[in-house]
Structures are given as C-alpha cells and as structure tokens.
There are 2 protein chains.
Amino acid sequence: MGYTSIGPTTLLSPLPVVMVSCCDGDGRNNIVTAAWCGIVNTHPPMLSVSLKPSRLSHDWIRERGAFVVSLVDRSMAEDCDFCGVRSGRDTDKFRERALTPLPLSALPEVPGIQGSPVCLPCRVHSIQPLGSHDLILGNILDVCVRDDLFDGDGSLHLERAGLVAYNHGVYQCLGDVIGFFGYSVARKDVRRKRMQRYAKPGGASGHRQA
Amino acid sequence: MGYTSIGPTTLLSPLPVVMVSCCDGDGRNNIVTAAWCGIVNTHPPMLSVSLKPSRLSHDWIRERGAFVVSLVDRSMAEDCDFCGVRSGRDTDKFRERALTPLPLSALPEVPGIQGSPVCLPCRVHSIQPLGSHDLILGNILDVCVRDDLFDGDGSLHLERAGLVAYNHGVYQCLGDVIGFFGYSVARKDVRRKRMQRYAKPGGASGHRQA
C-alpha cells in the first residue's frame, strides 16, 4: 500500500471536541471549543487543553486558574461549533445559544453546561507556551455524569451518549462498539458476553439519537 | 436533568487511540498503545503522548528521542488492543501480530505500521513527569497518508478511513458526519453543498468497512 508525505501538520485523529467554560472576576461566563485537548495523567487525574493566547478564554482561565470541560453529544454539536467560531469578546455565548449554566459543587465559580453528558471541573496546574498555543494542564477536581447514562445497576454507559469526535475538520458521532480494552486476549465466551452489553435493542449504531 | 458526582477521574471522551512505535539502540522495534494523547500545538505542529515510566516504550522513546504515531482503523483495532495489554519485554509485537514495519523517510530509525491510515513520525521535544505518567511532547516531523484516502482531485477524506476512538473502556468506530468546522454559521446552500461531500454512496455510516 502506498503513502504520500504531506509534510508536518496536526493530523492526529480522532480528537475529542469539548466545550470549555470559564469566567472572569465579575462572574461573566464564556465558552470556548477545544479539540486540542486530552488526558495527560491518571494519578492524579489531569487533562490538557491548548488555547491560543489571543483567545478571551485563555485570559480568563489564566486569571481565575479554573475551567470546566463539558463533553459534547449530537444534540450539542452545533452549539459546540458556534462556540469555536465566535469570540466571547462580542458574544454572550450562553445567551446566544440558549445554554443553561450548570453549577458544580467542586468548583462553584465556574459553571458547566446543562445537558452535557459529562462535566469535568478543573484547576489549572500549569500553563506552558509552545508557539501558536499555550498548553494548559488541569487537575480534574470531579466528574459529574448525567443521570440517564447510568444503568439500573449503577454502571456507566458512556457508549450510549452519542458523543462527538473531531476528525480533520468534521464532526462525527461515535458509531458501533467494536471491542473493549483487553478484548484481543479475552476468552471467547467472556468476549461474547461482554459485547452483549453494547448491543442496543432496536438499533446497531451503539448510540442513542439525541 | 440530574447529575451524579463520581469524583475525580480521567473521563474525557472520546479519545484518540493510536499505536506508538519506537526502537532501541540495536534496532529492535516495539509498539505501545496510547489513548492518553492529543494535539498540543499548531505552529510548530506538536502532539503529546503520556506513558507510564514502567513501560518499555517509555525507556526506548527517552533513549532514542523519537517515536511514530500510527492512527488506527477498524481493521487494526484488535492489533491495537493487543499492543496495549502485552509488554514488549516478552513479546515481539510486530511478529506476534504479523505487522509490517513501514519505513518513513523523515525518521529512518523508527518505522510506522504498514496499513495504518496515517503515520506521524515525531522527535521528542520534552518529557515531564506528572505522577503516574510522563507527558511526552513531540514535534511532528511529517505526516504520511495512505494513498487511497485521497480523492481524484487530491483532497484528503479522512472521514472515510473508519478511524477508531476510545470511549471509557471501549473502542468505537466513527460514525456519520454531522457537520464541519464552521457549519453553525454557514449559509444554508454552502452547508448543504459541503455536506454532500460526506454522503457516501451506498451507505449512511460515513466510513468504509475495512
């Protein structure tokens, strides 16, 4: 199979696409969209978000040392895109998109976004300039999960959330579950039984339509 | 809508899941799977991969200062999982999974993985201990794309690659394209025309079955 070299660019994919909320000292809120983000550490749990220093949210996050990452499902995709192309300098994004701030007890000063499947309040650990972007590392203070994503037995089914990924300029919903961590070495019966958890009655797509 | 707080954990999702190849001074190759990875900077293009210091690949990447990130499609998902659960200390993963090293001119000492949709050779920029994991930042030296992902006019269709995401313990293929960057503010005719690019003849899933 042949390959073509296209030179150095940011073609890691798929990427998470999340809505990052923050606030200024007067209690005004803003939301910025980020796909340059990821998990960087397990213990303690930490994530990264890279932002251009010119972004309003960059200033507010640096000043307040805190932000909230809200995961994005199909129903939020257009709001998420909007928050990535408009600036908080001239748009109140919560109001413009009729989004409701979600208070989070672990970080009272910054709201998440009501309706998001999962909100992660974070405290800034460090900010490192890398060139076009600053790498912001955050300590994850808590994880707040929408109640309907839990099963009757309390297990979390995030594969049913209809989460959205960013793939080279487009937003794609997650589709079917093709395996679980360790499935390549699992016994056949274990594998079959475990995979039944992800088979949705009445649909093969592995996610609920929002 | 109600929420339940589950305490601090690494529940950012979806995440990329990639195969990271590296080599030692004797030219032996290894592959480690990483979901703790992401883009951290646009100019210059940089990515991050977080690895436990106990991993063999962590030592080899630190020693050689180089690694290759290979994106994973549906056909590679089981190989990818295997490389995440077995150690290179007692398994030759290329041989065990019948994977073929892919030479990359930008980084002759470390191969990518033949068949991967996209390979990104990287030089280590820095390694920062964060606790359980070390945050490895890499400068992306080049991007090598499988030829069949280009259209007749040379445009890249990564949405057809059937890329795999990691979502809270399961692997999910990317499904349908629901929008493009800026679609929330695009004129209706522009939006309709652009979305036609992602409509696949003979299937609504937005990706090719590998």
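The dialogue below walks through several features of a predicted two-chain model.

Visitor: How should I read the relation between the two chains, and what rotation superposes chain A on chain B?

Guide: As a general idea, two copies of a chain are related by a rotation about an axis and a shift along it. In this predicted model, chain A is superposed on chain B by a rotation of 180° with 0.0 Å of shift along the axis, at an RMSD of 0.0 Å. The two copies are therefore related as by a two-fold rotation axis. The same surface serves both copies, since 100% of the contact residues of chain A recur in chain B.

Visitor: How many residues of each chain are in contact with the other chain, and which element gives the largest share on the side of chain A?

Guide: The contact involves 84 residues of chain A and 84 residues of chain B. On the side of chain A that touches chain B, strand β14 (residues 170–180) of chain A provides the largest share, with 11 residues. Sorted by class, that side of chain A has 48 nonpolar, 28 polar and 8 charged residues.

Visitor: In what sense do β14(A) and strand β14 of chain B pair?

Guide: β14(A) and strand β14 (residues 170–180) of chain B pair in the antiparallel sense, over 7 bridges. One position to look up in the structure is Gln172(A), whose bridge partner in β14(B) is Val177(B).

Visitor: Turning to the inside of a chain, how many residues of strand β7 of chain A are buried?

Guide: The test to keep in mind is that a residue is buried if 20 or more other C-beta atoms lie within 10 Å of its own. In strand β7 (residues 66–71) of chain A, 6 of the 6 residues are buried, so the strand is largely enclosed by the rest of the structure. Ala66(A), Val68(A) and Ser70(A) point one way from β7(A), while Phe67(A), Val69(A) and Leu71(A) point the other way, and all are buried.

Visitor: Which strands are joined to β7(A) by bridges?

Guide: Strand β3 (residues 18–23) of chain A is joined to β7(A) by 4 bridges, and these strands run antiparallel; within this pairing, Ser21(A) stands opposite Val68(A). Strand β10 (residues 118–129) of chain A is joined to β7(A) by 5 bridges, again in an antiparallel arrangement, and here Leu120(A) in β10(A) is the bridge partner of Val69(A).

Visitor: Which residues touch the most other members of the largest nonpolar core?

Guide: In soluble globular proteins, nonpolar side chains tend to be buried together. The largest nonpolar core here has 130 residues, of which Leu47(A), Leu120(A), Leu47(B) and Leu120(B) touch the most other members. When residues up to four places away in sequence are not counted, Leu47(A) touches, among others, Val69(A), Leu120(A), Ile140(A) and, from the other chain, Leu12(B).

Visitor: What surrounds strand β6 of chain B, and how many of its residues are buried?

Guide: Strand β6 (residues 46–51) of chain B has 6 of its 6 residues buried, so it is largely enclosed by the rest of the structure. Met46(B), Ser48(B) and Ser50(B) point one way from β6(B), whereas Leu47(B), Val49(B) and Leu51(B) point the other way. Strand β5 (residues 37–41) of chain B runs antiparallel to β6(B) and is joined to it by 4 bridges, with a hairpin of 4 residues connecting β5(B) to β6(B); in this pairing Cys37(B) stands opposite Val49(B). β6(B) also pairs in the antiparallel sense with strand β11 (residues 134–140) of chain B over 6 bridges, where Leu51(B) stands opposite Asp134(B).

Visitor: Where in chain A is there a cis peptide bond, and which residue other than glycine has a positive phi?

Guide: Most residues other than glycine have a negative phi, and most peptide bonds are trans. In chain A, a cis peptide bond joins Ser13(A) and Pro14(A), with omega about -5°, and Pro14(A) is placed in the loop between β1 (3–5) and β2 (15–16) of chain A. In chain B, a cis peptide bond joins Ser13(B) and Pro14(B), with omega about -10°. As for the backbone angle, phi of Ala98(A) is near 55°, a positive value, and Ala98(A) lies in the loop between α3 (93–96) and β8 (101–102) of chain A. Ala98(A) counts as exposed because it has 7 C-beta neighbours inside 10 Å.

Definitions and conventions:
Residues numbered from 1 in each chain as written. Chains lettered and ligands numbered in written order. Predicted model: local features only at pLDDT ≥ 70, side-chain atom pairs only at ≥ 80, totals over all residues. Contact = placed C-beta atoms within 7 Å. Helix = DSSP H or I, 4+ residues; strand = E, 2+ residues; numbered from the N terminus. Nonpolar A, V, L, I, M, F, W, Y, C, P; charged D, E, K, R; others polar. Pairing = 2+ DSSP bridges. Buried ≥ 20, exposed ≤ 12 C-beta atoms within 10 Å, placed from the backbone. Core = buried A, V, L, I, M, F, W, Y, C linked by C-beta atoms within 7 Å. Least-squares fit on C-alpha atoms with pLDDT ≥ 70 in both.
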